[in-house]
Amino acid sequence: MTVGSPTTSSLAEAKGHIGLRYNCLKTTLNRGPEMVDFPDRPCEGGIFAVHHFPALVAHLP
Amino acid sequence: MKSVSVALALIAPVQAGLRFACSSLTTQRLDPVVEPGKSPSAHVHHIVGGNAFAPEMTGDVGERGTCTTCEMAEDFSNYWTAVLYFKHPTNGSYHRVPVVNNAALAAGTTGGMTIYYTQHDFTTDGLKQQPIRAFPPVRFPCCYIDVPGSNTF
């Protein structure tokens, strides 16, 4: 099972990969909003990378 | 990969779910799902989980693994992610961004992931249509599952 694509190079493409999102953490408890792209500013609590795999079984192309 | 210890709040009634921490197994240019047998693979990956991880994996990994970096000793699955690099703004050099592990792991642990198995998604309880099965056998090539109705992999 895979999520995202290493060839993604535009925001529009990234929006299509709904399983891959980022949070710019303010603290470990305050994640802030979920973002399509990498944070564009320093994140005091780190970057939280979510790989949300689909629930249904799928075969690779 | 930054991990936090927060209770997962589900809008639908909570009936099942699984959350556990794994420390780093290794960081390698290997990807047995997308590029089986290719060593090195095109991309670097941060890998956690069972000790049967290999450039090419066939059959049931659970039959070959004997230990895991994850908290669940009943399963020897592997999980891997892309590795993030920081590009220096002036000299252009690349630096691997360190991964912060789940705080529940032993003190001194460096790197890892937190794995969630949830219902259909974070806000919908699809258990009646897709009952969760604990650790069904997963056979490579990924992700064939031989348990009909399972929604884990």
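Visitor: Which backbone nitrogen lies 2.8 Å from a polar atom of the side chain of E35(B)?

Guide: Bear in mind that this is a predicted model. E35(B) sits in the loop between β1 and β2 of chain B. Setting aside neighbours within four places in sequence, its contacts are S41(B), A42(B), H43(B) and P55(B). The backbone nitrogen at 2.8 Å from a polar side-chain atom of E35(B) is that of A42(B).

Visitor: And is E35(B) buried or exposed?

Guide: The cut-off to use is 20% relative accessible area, with buried meaning anything under it. E35(B) comes in at 17% relative accessibility, so the verdict is buried.

Visitor: How far apart are the C-alpha atoms of E35(B) and P55(B)?

Guide: Along the chain, these two are 20 residues apart. P55(B) is nonetheless on the contact list of E35(B). Their C-alpha atoms are separated by 8.3 Å.

Visitor: Moving on to β2(B), how many of its residues are buried?

Guide: Take the strand, residues 45–49, one face at a time. On one side there are H45(B), I47(B) and G49(B), and on the other H46(B) and V48(B), all of them buried. That makes the count five of five.

Visitor: Which residue in β4(B) is the bridge partner of H46(B)?

Guide: β2(B) pairs with β1(B), residues 18–28, in the antiparallel sense over four bridges, and there H46(B) is the bridge partner of T27(B). β2(B) also pairs with β4(B), residues 78–82, again antiparallel, over five bridges. On that β4(B) side, the partner of H46(B) is T81(B).

Visitor: Zooming out, how many strands does chain B have?

Guide: Read along the sequence, the pattern goes β-β-β-α-β-β-β-β-β-β. The α in there is the one helix. The number of strands is nine.

Visitor: What share of the 153 residues in chain B is buried?

Guide: Chain B exposes about 8,300 Å², with carbon and sulfur atoms supplying 57% of it. Counting residues under 20% relative accessible area, the buried share of the 153 is 41%.

Visitor: Over in chain A, which strands stand at the edges of the open sheet?

Guide: The three strands run in the order β2-β1-β3, with antiparallel pairing. Each edge strand has a single partner strand, so one side of it is left without a neighbour in the sheet; the two are β2 (34–35) and β3 (46–51).

Visitor: Which residue in β3(A) stands opposite Y22(A)?

Guide: β1(A), residues 20–25, pairs with β3(A) in the antiparallel sense over six bridges. Across from Y22(A), the β3(A) residue is A49(A).

Definitions and conventions. Residues are numbered from 1 along each chain as its sequence is written. Chains are lettered from A and ligands numbered from 1 in the order in which they are written. This is a predicted model: local features need pLDDT of at least 70, side-chain atom pairs count only at pLDDT 80 or more; totals for chains, interfaces and linings use all residues. Side-chain values use heavy atoms; hydrogens and water are left out. Buried means under 20% relative accessible area, exposed over 50%, partly exposed in between (1.4 Å probe, protein chains only). Two strands pair if DSSP finds at least two bridges between them. Accessible areas come from the Shrake-Rupley method with a 1.4 Å probe; for residues, only the protein chains shown count as cover. Contact means heavy atoms within 4.5 Å. A polar contact is a pair of N or O atoms within 3.5 Å; within protein, one must be able to donate a hydrogen and the other to accept it, and residues adjacent in sequence count only if both atoms are side-chain atoms.
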